[in-house]
Amino acid sequence: MLLAGVLPLLSACAGMTSETLRAPVQEALTDRIGAPVDLPDTDVTIKPDAGAGVISRVDAVQRALRVHPEVRQKLAALGYTEADVSEAFRIGNPAINVTRLHGDAGAELTRALSLSLTDLLTLRDRRRLGLLSKDATLAETAQALLDIATAVESAWFQAVAAAQSATLKQAIRKASRHSADLADRMVEAGTLRASEAAEFRAEAAAAAIAATRGEAERLEARLQLANWLMLPVDGDWTVPDSLPMPTMLPWSTNELTALARHERLDLQALQHRRDLAAEALKSAKRWRWLGSFELEGERESSTGESDRLGGSLHLELPIFSQGQANIQRADAALTEADAALQRAQFQLDGQIQVSRSKVLNTFEIARVYRQVLLPNRERVVAGKQADVNFMLDGVFELLAVRAAEFAAYGEYLEAVRDYWLARTTLRAELGGRWPDASAFAETDGSAINLQSLFPEPTRDAHADHH
């Protein structure tokens, strides 16, 4: 009767495979990323390829989760979980003991079959603990892969921003070089002192240095993204020309905190670990009086005599130890798990509040740049250009206000980048998704049209005014 109740439990674990463990992880990632996720097989080596075309943010995340070796490493850990759960659903194997003795009276053969009943009695508890451990591991694995997705997303924003900044710095270098050339021609014409021209040559050199650093930063950011995507740095792939426009955050701190408490996979894992420790303590107390418990059946055959059948029971008496050590360990594990969960929950409110404020602040900075500072810089340049056209001002006054305009656009690019990095961090802290994705959809579109900032000047356009 006891075995009849145990057999369904033993058969329940037969369907527990690495593939069935991967399915909920993949589902959680697809739900939070908002796009299908194709996780790699752990026994297949992904070889890097050259790549092709423009890689979007979603493309980058999907590809990294499909090809990066760290993803396979995290998924491989599910094999340990599969083994632990399988072991929790099984009891120890029976043991056979055969003894053969020879004497004056002939030969004597003893055969015994023994089975430990300890595993059998604690099977339900071990099964429950195994399933709780499985749930915790699945949440931890999904969180680890979500952390990878967040890192890839941040690397993508960094790569796009660095490429756009490098383009701007190259354009500034070109404009500064043109100003220095103009100053040199004016020195030759006797309309500008050499000491004044030296200032423009110095600014051109500084712009060239900044452009060189910008190219190095672009290459470094591209390398970081390429490493996640398993693509060569010099491969046939690129990122979009500009970042999307910043979007206003419509939710309060309370709304975001409530979402994070419900969605964060690391909190779910900590809760599972806490539940696991609580169940382990209950089991330790429940079976504190149970030690080694074995049942043995024996058959003895002697020459010229009838076989003798019998059995024996081995029961450890809980006289000196009543499971105190196991209870103490389980109690300490529960205290530790409970403290870890409480700490994470307490830190959550402040974490969400600060991250939300950072998104709002960076959005406001970008908004002021775009709606106030940049338009006014453009008006100053347009007015100064009109003054130059009417010979009310010199070309170098125009170049000065143009330099201030270029600097403002560079700062705006940094503000837009900071916004997207802050938003990526906040989204990760919420558990990977927003309260309403449709109300806060990813947008496309150029943050800055850099080409419109740098019209090609004619060689003598400025010199005609002097």
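Let me start where two helices meet: Ala 260, Arg 261, His 262 and Glu 263 in α9 are in contact with Leu 265, Leu 267 and Gln 268 in α10. Sorted by class, that contact of α9 with α10 comprises three nonpolar, two polar and two charged residues. I should say at once that this is a predicted model, and everything I describe was computed from it.

As for the geometry, helix α9 covers residues 253–263 and helix α10 covers residues 265–286, and their axes come within 6 Å of each other and cross at roughly 50 degrees. The two helices, α9 and α10, are therefore oblique to each other.

Helix α10 also brings us to the second largest pocket, since α10 is among the elements that give two or more residues to its lining, alongside α6 (118–121), α7 (123–189) and α11 (324–389). The second largest pocket holds about 380 Å³ of space, and 22 residues line it, with Ala 284, Trp 287, Arg 288, Leu 290 and Asn 326 lying nearest its centre. What is the make-up of that lining in nonpolar, polar and charged residues? The lining divides into eight nonpolar, nine polar and five charged residues.

Finally, I would like to turn to Leu 78, which sits in helix α5, residues 78–88. Is Leu 78 buried or exposed? Leu 78 counts as buried, because its relative accessibility is 0%. Leaving aside residues up to four places away in sequence, Leu 78 touches Leu 21, Arg 22, Thr 137, Leu 138 and Thr 141. Of these partners, Thr 137 is 59 residues from Leu 78 along the chain, and the C-alpha atoms of the two are separated by 7.5 Å.

Terms used:
Residues are numbered from 1 along each chain as its sequence is written. This is a predicted model: local features need pLDDT of at least 70, side-chain atom pairs count only at pLDDT 80 or more; totals for chains, interfaces and linings use all residues. Side-chain values use heavy atoms; hydrogens and water are left out. Axes are lines fitted to C-alpha atoms, for helices over the stretch in contact, and angles run from 0 to 180 degrees between N-to-C directions. Helices (H or I, at least four residues) and strands (E, at least two) are DSSP runs, numbered from the N terminus. Angles under 35 degrees count as roughly parallel, over 145 as roughly antiparallel, 65 to 115 as roughly perpendicular and the rest as oblique. Contact means heavy atoms within 4.5 Å. Ala, Val, Leu, Ile, Met, Phe, Trp, Tyr, Cys and Pro count as nonpolar, Asp, Glu, Lys and Arg as charged, and the others, Gly among them, as polar. On a 1 Å grid over the protein atoms alone, a cavity is a set of points where a 1.4 Å probe fits but cannot get out, and a pocket is an open set with protein on both sides within 12 Å along at least five of seven lines; lining residues have an atom within 4 Å of a point. Grid points are joined across faces, edges and corners, and a volume is the space filled by probe spheres set on the points. Buried means under 20% relative accessible area, exposed over 50%, partly exposed in between (1.4 Å probe, protein chains only).
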